[in-house]
Amino acid sequence: MSEPYIRTAVPGDEEALGRLDRAVWSYQHAVRPQEQPPYEPFFNDRFGPRDHLVAELGGRLVGYVRIGFPTPLASNAHVRQIQGLAVADEARGNGVGRALVRAAVEVARRQGARRITLRVLGHNTPARRLYESEGFVVEGIQPGEFRLAGEYVDDVLMGRRL
């Protein structure tokens, strides 16, 4: 397969992004219960198209990364945070997640950020390996922060300088 094409989301991506998000839902990475119809819009007052990069393979949307501010505080405005990453099952193993992480880092740099952070569930080993391979380091662990499917799961805080 070819390299993923990464671009900023547009309003017309909303339906495809919602379908993707629901298709990949798992307690491996989600802390909320699986969404049920009627579905909320993918874009909302907090996160719109401009806050998402999408990945396409063969002209088909197969992934996204959401980039935001960790807090609304001016004293924290130099930091960006990856606040969501999803890759379609059929596109895994094609560098989509890596391309999205790299693109998010580049966008954060262009926006003048000095750091980029993220939170990942402790049991999500594939995601943790990806982030570590892209220069993110564990900066903290909140043990048993979430109870998912009857199990207590750590919240791992990761970050890197830009």
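I take buried to mean under 20% relative accessible area and exposed to mean over 50%, and I keep in mind that this is a predicted model.

**Entry 1, helix H3.** I looked up helix H3, residues 125–133, and found that its buried residues are Ala127, Leu130 and Tyr131. Viewed down the axis of H3, these buried residues fall within an arc of 95°, so they line one face of the helix. This fits what I know of helices in general: an α-helix has 3.6 residues a turn, so residues three or four places apart point the same way. I then asked what covers the buried residues of H3. The cover includes strand S4, helix H2 (96–110), strand S5 (115–121) and strand S7.

**Entry 2, Pro126 and the end of H3.** Is Pro126, which lies in H3, buried or exposed? I noted a relative accessibility of 54% for Pro126, and because exposed begins over 50%, this residue counts as exposed. I also checked its separation from Leu17, which is 109 residues away along the chain, and the two C-alpha atoms are 22 Å apart. Just after H3, I found that Gly135 takes a positive phi of about 95°.

**Entry 3, helix H1.** I turned next to helix H1, residues 14–23, where Leu17, Gly18 and Leu20 are buried. Seen down the axis of H1, its buried residues fall within an arc of 165°, so here too they line one face of the helix. On the face turned away from that buried side I found the exposed residues Glu15 and Ala23. Among the elements that cover the buried residues of H1 are S2, S3 and S4.

**Entry 4, the S6 and S7 hairpin.** I followed strand S6 (residues 137–148) into strand S7 (residues 151–161), and noted that the two run antiparallel and are joined by 8 bridges. One pairing I looked up is that of Arg147, whose bridge partner in S7 is Tyr152. The hairpin has 2 residues between the strands, and in it Ala149 takes a positive phi near 50°.

**Entry 5, the second largest pocket.** I recorded a volume of about 210 Å³ for the second largest pocket. Its lining is made up of 14 residues, and those that lie nearest its centre are Arg50, Asp51, Ile67, Gly68 and Gln111. Which strands each supply at least two residues of this lining? I listed S2 (52–57), S3 (60–68) and S4 (79–87). Sorting the lining by class, I noted 5 nonpolar, 5 polar and 4 charged residues.

Key: Residues are numbered from 1 along each chain as its sequence is written. This is a predicted model: local features need pLDDT of at least 70, side-chain atom pairs count only at pLDDT 80 or more; totals for chains, interfaces and linings use all residues. Side-chain values use heavy atoms; hydrogens and water are left out. On a 1 Å grid over the protein atoms alone, a cavity is a set of points where a 1.4 Å probe fits but cannot get out, and a pocket is an open set with protein on both sides within 12 Å along at least five of seven lines; lining residues have an atom within 4 Å of a point. Grid points are joined across faces, edges and corners, and a volume is the space filled by probe spheres set on the points. Ala, Val, Leu, Ile, Met, Phe, Trp, Tyr, Cys and Pro count as nonpolar, Asp, Glu, Lys and Arg as charged, and the others, Gly among them, as polar. Buried means under 20% relative accessible area, exposed over 50%, partly exposed in between (1.4 Å probe, protein chains only). The arc is that of the directions from the helix axis to the C-beta atoms. Contact means heavy atoms within 4.5 Å. Two strands pair if DSSP finds at least two bridges between them.
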